[in-house]
Amino acid sequence: GSFLEMSQKTATGYRNYAEILRAQLGNRAVDISQVGAAFEVIHDTSTSSNFRNLYDPDGSHPSLEGSYLAAACFYTTITGTDPRGVPYRPSGLTDSDVERLQTAAAGACL
């Protein structure tokens with residue numbers, strides 16, 4: 001299937017799992033970090049090369065960009081704050097990369 005089909009199936013699985021956890025934890029909050037949704041933001045709003053850059057050459061595992069995007073989502077989910085402007089920039093990413101990835105995380109997770 002396509003990326004979007006797989007992303008939607010994965011998101012459904014995570015939502016179902018969260019419901020199971022909520023029931024087992026007495027309806028305590030279970031937060032899901034919207035990493036897949038942030039990948040969708042890049043998929044839908046960026047060039048195909050920007051989307052491909054989220055993955056290692058094996059096409060399955062995240063690259064540095066994909067890992068940074070996931071981390072920005074986790075940051076937003078855990079802290080509840082906007083990731084845009086977080087100063088950390090790993091070696092290998094440009095300021096422009098970081099801005100694009102933080103913006104995608106904000107769009108998906110806030």
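In which helix is Ala 104 found? In this predicted model, Ala 104 belongs to helix H5, which spans residues 95-109.

**Figure 1. Surroundings of Ala 104 in helix H5.** The residue is buried, with a relative accessibility of 2%. Setting aside neighbours within four places in sequence, Ala 104 is in contact with Ala 38, Val 41, Ile 42 and Leu 69. Of these partners, Ala 38 lies 66 residues away along the chain, yet its C-alpha atom is separated from that of Ala 104 by 5.4 Å.

**Figure 2. The cysteine pair Cys 73 and Cys 109.** The sulfur of Cys 73 has that of Cys 109 as its closest cysteine sulfur, at 3.4 Å. Because a disulfide requires the two sulfur atoms to be within 2.5 Å, this separation is too far for a bond. The relation holds from the other side as well, since the cysteine sulfur closest to Cys 109 is that of Cys 73. By this criterion, the count of disulfides in the model is zero. Both residues are buried: Cys 73 has a relative accessible area of 0%, and Cys 109 has a relative accessibility of 19%.

**Figure 3. Salt bridge between Glu 19 and Arg 22.** The two side chains meet with an N to O distance of 2.6 Å. Glu 19 and Arg 22 are three residues apart in helix H1 (residues 3-24), so about one helical turn separates them. Each residue is partly exposed, Glu 19 with a relative accessible area of 48% and Arg 22 with one of 23%.

**Figure 4. Salt bridge between Glu 65 and Arg 100.** The side chains of Glu 65 and Arg 100 meet at 3.2 Å, N to O. This pair links distant parts of the chain, with Glu 65 in helix H4 (residues 64-79) and Arg 100 in helix H5, 35 residues apart. Glu 65 and Arg 100 are both buried.

**Figure 5. Salt bridge between Arg 84 and Asp 82, with the network elsewhere in the model.** The closest N and O atoms of Arg 84 and Asp 82 are 2.6 Å apart. Arg 84 is partly exposed at 44% relative accessibility, and Asp 82 is partly exposed with a relative accessible area of 31%. Elsewhere, salt bridges that share partners join Glu 65, Asp 97 and Arg 100 into one network. The model contains five salt bridges in total.

Note on methods:
Residues numbered from 1 in each chain as written. Predicted model: local features only at pLDDT ≥ 70, side-chain atom pairs only at ≥ 80, totals over all residues. Heavy atoms only, no water. Buried < 20%, exposed > 50% of the residue type's maximum accessible area, 1.4 Å probe, protein only. Helix = DSSP H or I, 4+ residues; strand = E, 2+ residues; numbered from the N terminus. Contact = heavy atoms within 4.5 Å. Salt bridge = Lys/Arg side-chain N within 4 Å of Asp/Glu carboxyl O.
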